[in-house]
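Visitor: I am new to this structure and would like a close look at a single part of it, the sheet, together with whatever packs around it. Could you take me through it slowly, in one connected account?

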Amino acid sequence: TSKQRAYLKSLAMDQSAILQIGKSSLTPEIIRDEALEARELIKIHVLKNCFDDGSSIAEVLAERTRAEVVQVIGKMIVLYRPAKEEKKRKIVLPK
């Protein structure tokens, strides 16, 4: 929902990007399933030397990692996927 998306955006504001996508664009090594499992919410920075569009990269990453795109602002991407185990979930979304 829009309320949940706004909540996730507010959490992402304080985070720094943990992944950078450069000139070679999306490679198999870029897909970090472990990072999403551990953090649930990750921020990705697309560098200036990458010629691909940020929103197209976000869609491909979301599809490959089974995550949701929270937001794409220019060259910043925020993805969210809840942890598989209920006990490991850190983020509780508002209803």
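Guide: A contact here means that heavy atoms lie within 4.5 Å. With that in mind, residues 24 or more positions apart account for 70% of the contacts in the protein with a separation of 6 or more. Please keep in mind that this is a predicted model.

Before turning to the sheet, it helps to have the whole in view. The protein has three helices and four strands, and reading along the sequence gives the pattern α-β-α-β-α-β-β. The C-alpha trace spans about 40 × 25 × 20 Å along its principal axes. For 95 residues a compact globule would have a radius of gyration near 12 Å, and the 13 Å of the protein agrees with this.

Now to the sheet itself. The four strands form an open sheet in the order β1-β2-β4-β3, and the pairing within it is mixed. At the edges stand β1 and β3, each with a single partner strand, so one side of each is left without a neighbour in the sheet. From one strand to the next, the twist averages 25°.

We can cross the sheet in that order, beginning at the edge formed by β1. Strand β1, residues 19-21, runs parallel to β2 and is joined to it by three bridges. Within this pairing, Gln 20 has His 45 of β2 as its bridge partner, while Ile 21 is matched with Val 46.

Strand β2 covers residues 41-46, and five of its six residues are buried, which leaves the strand mostly covered. Towards β4, residues 76-80, the sense of the pairing is antiparallel, and five bridges hold the two strands in register as partners. Here Ile 42 has Leu 79 of β4 as its bridge partner, and Ile 44 stands opposite Ile 77.

Strand β4 is itself largely enclosed by the rest of the structure, because four of its five residues are buried. Besides β2, it pairs with strand β3, residues 68-73, again in the antiparallel sense and over five bridges. Leu 79 appears once more in this pairing, as the bridge partner of Val 69. The strands β3 and β4 form a hairpin with two residues between them, and in its turn Gly 74 has a positive phi of about 60°.

What packs around these strands can be followed through helix α3, which lies across β1, β2, β3 and β4 and runs at about 20° to β4. Several residues already met in the sheet return in the largest nonpolar core, which has 15 residues: Ile 21, Ile 42, Ile 44, Ile 57, Leu 61, Ile 77 and Leu 79 are the ones that touch the most other members. The elements that give two or more residues to this core are β1, α2 (33-39), β2, α3 (54-65) and β4, and the largest share, four residues, comes from α3. There is also a second, separate core of seven residues, which includes Leu 8, Ala 12, Val 70 and Ile 91.

To place this part back in the whole, buried residues make up 34% of the 95 residues in the protein. The accessible surface comes to about 6,200 Å², and 53% of that belongs to carbon and sulfur atoms.

Note on methods. Residues numbered from 1 in each chain as written. Predicted model: local features only at pLDDT ≥ 70, side-chain atom pairs only at ≥ 80, totals over all residues. Heavy atoms only, no water. Buried < 20%, exposed > 50% of the residue type's maximum accessible area, 1.4 Å probe, protein only. Pairing = 2+ DSSP bridges. Core = buried A, V, L, I, M, F, W, Y, C linked by side-chain atoms within 4.5 Å. Axes fitted to C-alpha atoms, helices over the stretch in contact; angles between N-to-C directions. Rg over C-alpha atoms; globule rule 2.2 N^0.38 Å. Areas by Shrake-Rupley, 256 points an atom, 1.4 Å probe, with all protein chains shown as cover.
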